[in-house]
Amino acid sequence: MNMANGECPECAGAVSLAPNTEVGEILSCPDCGARLEVRSINPPSLVPAPKVEEDWGE
Amino acid sequence: MAKKVAIIGASGYTGGELLRWALMHSEMDVSQITSERFAGQAATKLNPNLRGFTQLAFTPVKELKNDVDAIFICTPHKTGAQYVKQFFETGVKIVDLSADFRLHNKDTYAKYYQEHPHPDLLQHAVYGLPELHREEIKKAKLVACPGCLATSIILPLAPLVKAKLISVEGIIADSKIGSSAGGAGFDISTHHPERQGGVRSYKPHGHRHTAEIEQELSAINGAPVSVGMTPHGIEMVRGIMSTVHVRQTGKLADIDLWKAYRSFFTGSPFVRLVKDQQTLYRYPEPKPVVGTNFADIGWELDQEKGRIIIMSAIDNLVKGSGGQAIQNFNLMNGFDEKMGLWQPGFHPL
């Protein structure tokens, strides 16, 4: 089965989505190393993954 | 059938490195290597890494047989021009690793070197940076291999100059370079107690390679480009790390630079873009390219100051001389550009 290619929003590089990729999965761009969240599979859509931040609440 | 080649001035570091690659190349048959000083001695006396790979011995250049398809010239400037003159009319393909045919203008050559001994031949030479002149190199009889520092500075700047993303005035390149770039000769400056632990700025301005950097970038720009370059000799045998400081012409984002670099270097297998958010090796540095023909290029935007800091790393003896010479030879002979050169470096090193 062919892998779909998404586009990295940070560097415009091609990011392969394996056939079993799921929405919400975190991938790394092979070119720039950005952590990317899979927003949709078809069509492939990637967005920068949320940064790990401290959450002290209010 | 493999091309028969000779290497003139093969006893230096550049010649030795070229010989290493040439011996492993499937379409090259090294028939002769010359050295006046070491005539009669085996190549492996000076290049112990080649033990078991060659029986060649150095001969004087006057004994060079006229039956080769290509000649590599690895002599210092001025001497190189004499050999180019001697062999150019024979029709043999020439890859000159000296500085004698890098500059198109004889007056610029005179300013940085001395009077050119054979200025009539300058028009025949192609500047041998494949990433800029691939198609011309394919048709050339005489290719002038770029300087090592020049290679490390032209490559990261060319895409941004072409795309008009940076100011072409006040470009500053700061380079760190390994001691092998000083050649196999020696004097007090290369003496171990003087060199050990040292970081020496040896030509703060006016380095000879500045001329070819400005020549090539100005041609891309269609107007003069001004580059100041300061090299530092550091405690490293191989490698160049160049950090180039430029100003943005407008507000840029990382993705603009990714696109400019990718667009320019499509089809250039030896340029790798290195700007990684996660690994230890986030930017280029010499160690991963040592022993390879790769040029690693990365950058960082300083939005607050409107600058771009560009980093490039090469092995001065490979992409900076011997490897690039093989890459040019491949193109001149219709071979795959990567032939005999496609291998990674060591890690760890």
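**Exercise 1. Into which domains is chain B divided, and which residues does each take?**

Before we start: this is a predicted model, where local features need pLDDT of at least 70, side-chain atom pairs count only at pLDDT 80 or more, and totals for chains, interfaces and linings use all residues. Residues are numbered from 1 along each chain as its sequence is written, while chains are lettered from A and ligands numbered from 1 in the order in which they are written.

Solution.
- Step 1: Chain B splits into domain 1 (3-146 + 318-332) and domain 2 (149-314), with bounds that come from an automatic or database domain assignment.
- Step 2: The C-alpha centres of domain 1 and domain 2 of chain B are 24 Å apart.
- Step 3: Where the two touch, domain 1 of chain B gives 21 residues and domain 2 of chain B gives 24 residues. A contact here is a pair of residues whose C-beta atoms, placed from the backbone, lie within 7 Å.
- Step 4: On the domain 1 side, H4 (106-112), H5 (130-139) and H10 (318-332) of chain B are the elements that give two or more residues, and H10(B) has the largest share with six residues. Helices (H or I, at least four residues) and strands (E, at least two) are DSSP runs, numbered from the N terminus.

**Exercise 2. Work out how helix H9 of chain B sits in its surroundings.**

Solution.
- Step 1: Check the length. H9(B) has 12 residues and spans 17 Å from its first C-alpha to its last, close to the 16 Å expected; that expected span is 1.5 Å times one less than the number of residues.
- Step 2: List the buried residues. They are B:Leu257, B:Trp258, B:Ala260, B:Tyr261 and B:Phe264. Buried means 20 or more other C-beta atoms within 10 Å of the residue's own, exposed means 12 or fewer, and partly exposed is in between, with C-beta atoms placed from the backbone.
- Step 3: Look down the axis. The buried residues of H9(B) fall within an arc of 165 degrees, so they line one face of the helix; the arc is that of the directions from the helix axis to the C-beta atoms. As background, an α-helix has 3.6 residues a turn, so residues three or four places apart point the same way.
- Step 4: Find the packing partners. The buried residues of H9(B) pack against helix H6 (148-162), E12 and E13 of chain B.
- Step 5: Turn to the chain contact. Chain B gives 10 residues and chain A nine residues, and H9(B) supplies the largest share of the chain B side, four residues.

**Exercise 3. Trace the pairing of strands E12, E13 and E14 of chain B.**

Solution.
- Step 1: E12(B) (residues 271-273) and E13(B) (residues 295-302) run parallel, joined by three bridges. Strands pair if DSSP finds at least two bridges between them.
- Step 2: One bridge links B:Leu273 with B:Ile297 in E13(B).
- Step 3: E13(B) also pairs with E14(B) (residues 307-314), in the antiparallel sense over seven bridges. There, B:Asp302 has B:Arg307 as its bridge partner.
- Step 4: The hairpin of E13(B) and E14(B) has four residues between the strands, and B:Gly306 takes a positive phi near 70 degrees.

**Exercise 4. Is B:Ile171 buried or exposed?**

Solution.
- Step 1: Place B:Ile171 in strand E8 (residues 171-177) of chain B.
- Step 2: Count neighbours. B:Ile171 has 24 C-beta neighbours inside 10 Å, so it counts as buried.
- Step 3: Look further along the chain. B:Ser226 is 55 residues away in sequence, yet its C-alpha is 6.4 Å from that of B:Ile171.
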